[in-house]
Amino acid sequence: MTTNIYQLTAKEKRFIGWHFFFAIFAISLGGLFGPFQAMEHAGWDFYEKWLNPLFHSYYEGLTLHGVLNALIWTTFFITGFLTFLMIYGLKRPLKYFWLNALGFWLMVVGLTTAAIPILMNEASVLYTFYPPMKAHWAFYVGVTLVVVGSWIEGWGFYITYYGWRKEHPRTRTPIIAFMSLVTMVMWQIATLGAAAELLVDLIPWSLGLKAGLDPQLDRTYFWWTGHPLVYFWLLPAYISWYAFLPRQAGGKLFSDSLARFSFWLFLLLSVPVGFHHQYVDPGVPEGWKMVHSLLTYSVFFPSMLTAFTVVASLENAGRANGGKGLMGWLAKLPWNDPSVLAQLLAGILYFFGGIGGLINASYNINLVVHNTAWVPGHFHLTVSTAVTLTFMGILYWMIPYLTGKELWCKKCAVIQVWLWFIGMTIFSNAMHVVGLLGAPRRTPLGQAPYIPEEWAGHLFRVGIGGFILLISLYMFVAVVIGSLFTKKLEKEVEPPVAESLLDPQTTPRWLDHWAPWLIGATILLIIAYGPQLIYQIQTAQFTSPPITNIFGN
Amino acid sequence: MANKHESMHIDTYEKTWIIISILMLIVFFGAVTVAGLSFGVRVPDPVQRVDPRDLAASGTFAEPGLKEVAPKRYEAYIVAQTWSFNPREITVPAGSVVKFYVTSKDVQHGFKLQNTNVNMQIVPGQVSSLAVKFDKPGEYDFICTEYCGIAHATMYGKVIVVP
């Protein structure tokens with residue numbers, strides 16, 4: 001099967017590039033605060049001495065860190081990447097470019113609207129914004145606009161796909177477009193919870209139109225979205241691991257069917273698992289927590305499938321490159337290619353992130369780790385490495401693809417990736433350990449009066465890891481900026497989409513039909529959430545007025 | 001096979017991997033269930049609704065503190081508020097079973113009793129409850145583990161277990 005390269009127009013490339021611009025802008029500011037937090041733990045507090053009065057408090061910094069990295073960097077990168085995957089996968093332009101452009105600019109307006117109150121220390125509520133701690137209303141409106149903007153971009157994808165499907169009724173959907181659509185549909189089901197929380201409760205309440213809220217109900221709304229949010233981050237990284245990494249490494253995708261099957265399972269199982277973030281909540285009965293615990297275990301399964309298929313594809317690549325023996329193929333992978341290296345190291349740390357995740361999901365074992373430093377230790381392996389480092393790796397080929405210019409200082413990019421891996425290993429390990437010893441998360445531990453002596457060494461390692469990550473982050477930003485000023489490439493970059501070992505047309509048709517999976521997802525949601533959600537709404541007591549004067553202004 | 005195209009091709013190694021994955025998850029889930037049901041490692045369950053604006057009206061939280069319900073059996077009613085626990089300190093003899101009831105007057109808080117299995121989210125309007133047996137004398141800090149405002153890091157209290 002030969003692929004003649006489908007050309008994106010300059011306008012489409014620019015559009016995708018703008019997504020990446022805002023994503024990288026967000027992480028270059030949001031990422032700055034992470035190391036400040038880590039170094040605060042080690043006893044080096046830059047907030048009081050240096051950052052004041054530009055940035056007012058540790059929690060303004062932590063809010064910026066969470067919102068800009070976990071919500072903005074991810075959402076802007078993902079919508080940009082999916083736009084590319086849809087156009088390039090279906091080999092046709094977006095049906096209504098203006099619709100996607102509208103969605104995108106709405107996201108930008110939302111980002112700006114939310115950023116202003118955060119920077120004024122009027123919305124230091126962290127990215128989970130649990131009521132009844134109240135942020136300025138503009139924060140909630142801004143977050144809502146970002147989500148709605150991403151929905152509109154998704155609708156643009158669906159319409160484009162519908163046009164393609166009508167012309168190709170019997171062809172399997174190209175895998176990168178298929179996976180993008182599943183990611184988007186999952187996201188739109190998942191964000192219904194946050195939409196309810198923001199539109200029904202937080203926005204009217206913050207404007208004074210509603211006197212009180214029921215914080216337990218809002219937690220339930222939030223975590224309807226909060227956990228699948230992590231799959232919204234992860235699935236685009238999985239797309240790269242399944243559909244690009246094998247080719248980048250010199251091989252083929254091991255199993256097209258299993259790859260699609262795992263994505264369907266993510267659509268089914270990502271959402272009805274939110275109570276596993278609420279194991280220690282007072283207002284959710286034990287039985288429902290148990291049900292979500294079981295469902296969370298089930299969603300671990302498609303990740304296991306992914307692990308097999310990705311490693312098998314890499315083995316295929318390593319052997320194609322001349323690797324022999326049980327492990328010899330590993331050495332034959334292109335470790336000196338920053339894009340491949342980033343994804344391989346992301347995968348290695350993700351292995352540990354996955355084990356930690358299984359522990360968090362384990363019902364009563366969660367008592368040991370809930371709200372301790374273990375948790376940020378865990379998700380810095382997942383969203384901040386498996387996802388973020390993979391996204392950086394994708395950008396290392398996509399920026400030259402979009403600009404037509406060489407990547408600046410490939411060696412710097414390789415070092416950057418290694419530093420991220422090393423910094424995160426030190427940081428995350430120390431956070432896990434100190435969390436097991438009982439250190440709370442979201443706490444400037446340098447100021448806490450209850451810190452035992454035995455934590456000191458681990459907190460020092462937290463700071464060291466954070467410092468290494470700071471260097472790595474700005475090396476990444478330097479490579480990106482440098483790449484805008486390099487010389488033109490002689491040959492255009494061909495997007496490295498992997499072929500499947502078996503012709504995708506042999507993939508069974510039931511793996512390319514939406515209806516059964518959408519119905520299944522709905523039924524599962526009704527079972528897992530229906531009774532308890534209705535009960536919580538019916539028995540809600542709106543007795544929590546807004547509480548604001550606690551940000552240290 | 002009727003239609004080759006409708007069945008999914010699965011490699012032998014992959015099949016083995018799938019079976020191992022499923023078995024592993026079944027074993028884990030079994031272990032967690034046994035720990036919960038047989039060893040009593042419980043998570044919080046709904047107990048009572050209260051009005052955070054008027055905790056005195058709830059009865060139980062009108063006077064927070066320790067109540068002895070039987071020899072070496074206590075109930076501890078604790079109110080979390082920015083940025084302290086009321087009471088800050090309770091003292092019980094070793095071998096006591098203490099059932100904690102914690103609620104919040106204002107924003108969300110956390111209640112993690114160090115070196116025990118007590119770890120709860122404190123949500124205004126709700127009462128969080130778990131029990132623990134203190135076998136060894138010593139001091140057990142309970143710390144706020146949910147961000148609750150600028151001085152969150154200073155919010156803690158302690159259980160003193162005397163011989």
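## A walk through chains A and B

Start by selecting chain A: you will find 18 helices and 0 strands. Helices here are DSSP runs of H or I with at least four residues, strands are runs of E with at least two, and both are numbered from the N terminus. Before you go on, note that this is a predicted model, in which local features need pLDDT of at least 70 and side-chain atom pairs count only at pLDDT 80 or more, while totals for chains, interfaces and linings use all residues. Residues are numbered from 1 along each chain as its sequence is written, and chains are lettered from A and ligands numbered from 1 in the order in which they are written.

**Stop 1: chain A as a whole**

Keep all of chain A on screen and align the view with its principal axes: the C-alpha atoms fill a box of roughly 65 × 50 × 45 Å. The radius of gyration of chain A is 23 Å, which agrees with the value near 24 Å for a compact globule of 553 residues. That radius is taken over C-alpha atoms, and the globule rule is 2.2 Å times the number of residues to the power 0.38.

**Stop 2: a helix pair in chain A**

Next, select residues 58-90 and 97-119 of chain A, which are helices α3 and α4. Their axes come within 11 Å and cross at roughly 175 degrees. Such axes are lines fitted to C-alpha atoms, for helices over the stretch in contact, and angles run from 0 to 180 degrees between N-to-C directions. α3(A) and α4(A) are therefore roughly antiparallel to each other; angles over 145 degrees count as roughly antiparallel, those under 35 as roughly parallel, 65 to 115 as roughly perpendicular and the rest as oblique.

Show side chains for the residues that meet here: those of α3(A) include A:L64, A:V67, A:I72 and A:F76, and those of α4(A) include A:M107, A:L111 and A:I118. Two residues are in contact if their C-beta atoms, placed from the backbone, lie within 7 Å. The residues of this contact divide into 8 nonpolar, 4 polar and 1 charged. In that count Ala, Val, Leu, Ile, Met, Phe, Trp, Tyr, Cys and Pro are nonpolar, Asp, Glu, Lys and Arg are charged, and the others, Gly among them, are polar.

Now click on A:K91, in the loop between α3 and α4 of chain A. A:K91 is not a glycine, yet its phi is positive, at about 55 degrees.

**Stop 3: where the chains touch**

Bring chain B into view. The contact takes 59 residues from chain A and 56 residues from chain B. On chain A, colour α8 (215-243), α10 (256-269) and α11 (286-320), each of which supplies at least two residues of the side that touches chain B. α11(A) gives the most to that side, with 9 residues. The chain A side divides into 33 nonpolar, 19 polar and 7 charged residues.

**Stop 4: chain B as a whole**

Hide chain A. Chain B has 1 helix and 10 strands, and from the N terminus the helix precedes the strands. Its C-alpha trace spans about 75 × 35 × 30 Å along the principal axes. The radius of gyration of chain B is 23 Å, whereas a compact globule of 163 residues would have one near 15 Å.

Colour residues 4-37 as domain 1 and 55-162 as domain 2 of chain B; these bounds come from an automatic or database domain assignment. The C-alpha centres of the two domains lie 41 Å apart.

**Stop 5: the sheet in chain B**

Zoom in on the open sheet of 5 strands, with the order β4-β10-β9-β6-β7 and mixed pairing. Two strands pair if DSSP finds at least two bridges between them. The edge strands are β4 (89-93) and β7 (119-122), each pairing on one side only. Neighbouring strands are turned by 20 degrees against each other on average, direction ignored.

Select β9 (138-143) and β10 (156-162) of chain B: these antiparallel strands are joined by 6 bridges, and B:I143 stands opposite B:Y156. On to β6 (109-113), which is antiparallel to β9(B) and joined to it by 2 bridges. Here B:L113 has B:F142 as its bridge partner, and B:K112 has B:I143.

**Stop 6: two cis peptide bonds**

Finish with B:W83, in the loop between β2 (73-81) and β3 (84-86) of chain B. A cis peptide bond joins B:T82 to B:W83, with omega about -10 degrees. Then move to B:P87, in the loop between β3 and β4 of chain B: the bond from B:N86 to B:P87 is cis, with omega near 0 degrees.
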